[in-house]
Amino acid sequence: MWRLKRTRAGSHRVFIRLLVPNLLFLLLPLLVGGVIYNKTLHEMEKEVTASNTTVLQQSRDILDRRMSELSSIAIQLVNDTRIMQFQHINDPFQGSNINRIWDTRKAIQNYSLTNNFIFNYFVIYKNSELVFTENSTYELFDFYNTFRYIGLDTNSWKSMIVSTYHQRKMLPAQQVLVNGNVYSLLTYIHSLGYPGYPQGAVVITVDNREVQKLMGGLDLSGGGWAYIIDNSGKIISSTASDAPISWIQRSRLTGREGSMLEQIDHQQMRVTYTTSSYNGWTYLVAQPNHIVLKKVLYIKNIIFTMAFIFLALGLLIAYLIAYRNSRPLRSIMETIMERMDGKPDSGPDAYRFIGESVAKLIDNNHELQDKMKKHAPYLQAALFERLLKGDFLSAKDTSILLQHVGIETQGSHFAVGIVQLRGYEGGFDTNSLEELDIKRVMIKDILRQELHVNIYWHDIAEDQIALLFAFGGNKAESGLIYLGEALPEISEIIQARTNVVTRFAIGGIYKQLLHVSRSFEEAKQTLHFLTWRNQNAIASYDEIPKENNGYFYPSDLEMRLSNLALAGELAAVEIVLRELHEINFVERRLSVPMLQLFMNEMVGTVVKLLPQVSLNEGPLVDRLKQLSAEVTSYEGLEKNYMSLAKVYGHVCSFVNEHKKSQNVQLLENIVSMLHESFVEPDLCLDSVAERMGISKGYLSQFFKEQMGINFSDYLEDLRMTLAKELLAETDLPVFEIAERVGYSSSNTFCRAFKRINGVSTSAFRSSKAI
């Protein structure tokens, strides 16, 4: 159980190790988005502040011009002599004062006022309580009944206007009742007389609505407001009557203009302000921060929503990618753990564990390759000898086996030659054998350097080397011509370098590797001829005289024919029979008695073959006796030869049928053994092969061909079928089930169960319990 937990922890570490880089990669665009968002927020704040500042500056400039115009009008009125003459008159309606009043009122009417800010204007005198307007003349109390400041009585109003000397004084907006209608008016006062001795005042009222219009370009939604305050901190005009004023302190407004965040009535407000250089008034707007940043917040919501969606999708994709990429690693780890038979891994690092396992596998492979290289010469010699003797049954098997041991037989035509080292006919001793070993190596080096064809060699005796030549091209004659030109020179080089006289015997050239044995026999015959003639020369089989009075049926060819028949290779048997027929019946044109001897030996081969295949000998022996009977005609012998070929066909068919029945029986025995013994932990390919008496390679290939499934997969399927039954129908612990189905380790069993069934043993048991 501890081992299983450790394996799962290792799998989790692999998953987390693959997930973390994906998450880090995912955080990169989020960080970039955060930086972009902060930059956008800052730029939007600057844009809104700049917009508000522009509107305030425009309002300030317009109002400064209007105030300048008001000041100019007031000064003109104050300095008018007709207005000044009433400052010291106490009874303006006596005598000639009536005419003066008429002239003064006409003088006031002469001022053409174009300032649309002005609501009205009038002149009031302190001593006479006379009031001049642009249209009429009033006594103070009569005028106050038509132009009354709400909240002030007549005396208070008079005291505010004329009791104190004012110079270009603007009073904050107040509610004024004018002819029964209420207006919000700003009052501009410029006193008559001198400081400390006021005699009256010129009063100009401004409609507060016109001032408020100047700030109409400001966004005051959501509880915003705008102020105009004088240099003493009094509010001259405001867009909202309920706006808080407790926070306004000029000392907190640094500089002539700017912007800041203020917490006002538990609400975050963006305050923007600018100060007039004309009269020192401050124009100020306060807006809720969420209104100011409305666009920014909209972008923020979009960014945050998209970021959340992107993050969720990114996490999902990162999880899936990490899971998908970790599955092969987990599978590799589980496979390695299974092959290690549950041995602890090398540490928490999965990559290190896999790397060490692969390194160990590579080291084992290199060790195995080194061993194979050491044994390769022996394998090459054995296979080369089989090739020369004709033991191979098919061209495909021949090429594959030779390539496996490093012999690449590339060519379209093949021939065998024998090189004999002269001077050792008298026998061998220790010194001569050592000398021969050295000289054979030297001769092979000379042949490899001087011959420009593919060549392979095999030592067939202490003083003889068999050479296999592989020629390219389509014409066999060109190969013989080349050897005839090159070998004499090579023979001289060998004699010069090794002080050894050589003779070369070359067999015929054939298109197939299977016919190399025939070329080898021909080379031996050629060498025998050279030895009989005691010649040190290079000769080919075609150059020596043929003994056409004898039949051709060498022992190695007889052995090959028997081996092919025992293997059931009918096509190969027919090829050999056709070759023998061509040589003995066509090329050599033997006499009838010689052909009779040939037929008797061929029949003898079949007679020796029948007991080896357990064939019913009775009918065939009788038939063979008929074939060996004396025949006096060439046509009769040829007919008997064709009948003998049919006997070989019958033998091959019998062998193939017997092989099939043997395969069926062998397969039944193997399957029966598996079903009876699959719960044994040590049951495997090697143990079954040993019990059946066959090699494990043959067993693996045979089982796959017959059953269509690998041996190990079939055995594992038997064990898993029983395991699922025990999990579903019993409460046995997993380790006991593992032992009952043939696993020596519960960890190996759990990994194999999940790999095959896709779920763990506990999940499978839970699903069956529902």
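1. In this predicted model, strand β15 (residues 464–471) pairs with β14 in the antiparallel sense. Seven bridges join the two strands. One register point is useful for checking: aspartate 459 has isoleucine 465 of β15 as its bridge partner.

2. These two strands belong to an open sheet of five, with mixed pairing. The order is β14-β15-β13-β16-β17. β14 (454–461) and β17 (538–540) each have a single partner strand, so they stand at the edges and one side of each lacks a neighbour in the sheet. From one strand to the next, the twist averages 20°.

3. Helix α11 (residues 430–450) packs on this sheet. Its contacts are with β13 (413–421), β14, β15 and β16 (502–506). The direction of α11 makes about 165° with that of β14.

4. Helix α13 (residues 516–533) also belongs in this picture. α13 lies across β13, β14, β15, β16 and β17. It runs at about 35° to β13.

5. Now the helix pair. Helix α18 (residues 634–677) packs with helix α19 (residues 685–692) at an angle of about 130°. Their axes are 11 Å apart. At that angle, α18 counts as oblique to α19. The crossing of α18 past α19 is right-handed.

6. Which residues in α18 and α19 meet? From α18 come Leu666, Asn669, Ile670, Met673, Leu674 and Ser677. From α19 come Val688, Arg691 and Met692. By class, this contact has six nonpolar residues, two polar and one charged.

Terms used: Residues are numbered from 1 along each chain as its sequence is written. This is a predicted model: local features need pLDDT of at least 70, side-chain atom pairs count only at pLDDT 80 or more; totals for chains, interfaces and linings use all residues. Side-chain values use heavy atoms; hydrogens and water are left out. Two strands pair if DSSP finds at least two bridges between them. Helices (H or I, at least four residues) and strands (E, at least two) are DSSP runs, numbered from the N terminus. Axes are lines fitted to C-alpha atoms, for helices over the stretch in contact, and angles run from 0 to 180 degrees between N-to-C directions. Contact means heavy atoms within 4.5 Å. Angles under 35 degrees count as roughly parallel, over 145 as roughly antiparallel, 65 to 115 as roughly perpendicular and the rest as oblique. A crossing is left-handed if the near helix is turned anticlockwise from the far one by less than a right angle, and right-handed if clockwise. Ala, Val, Leu, Ile, Met, Phe, Trp, Tyr, Cys and Pro count as nonpolar, Asp, Glu, Lys and Arg as charged, and the others, Gly among them, as polar.
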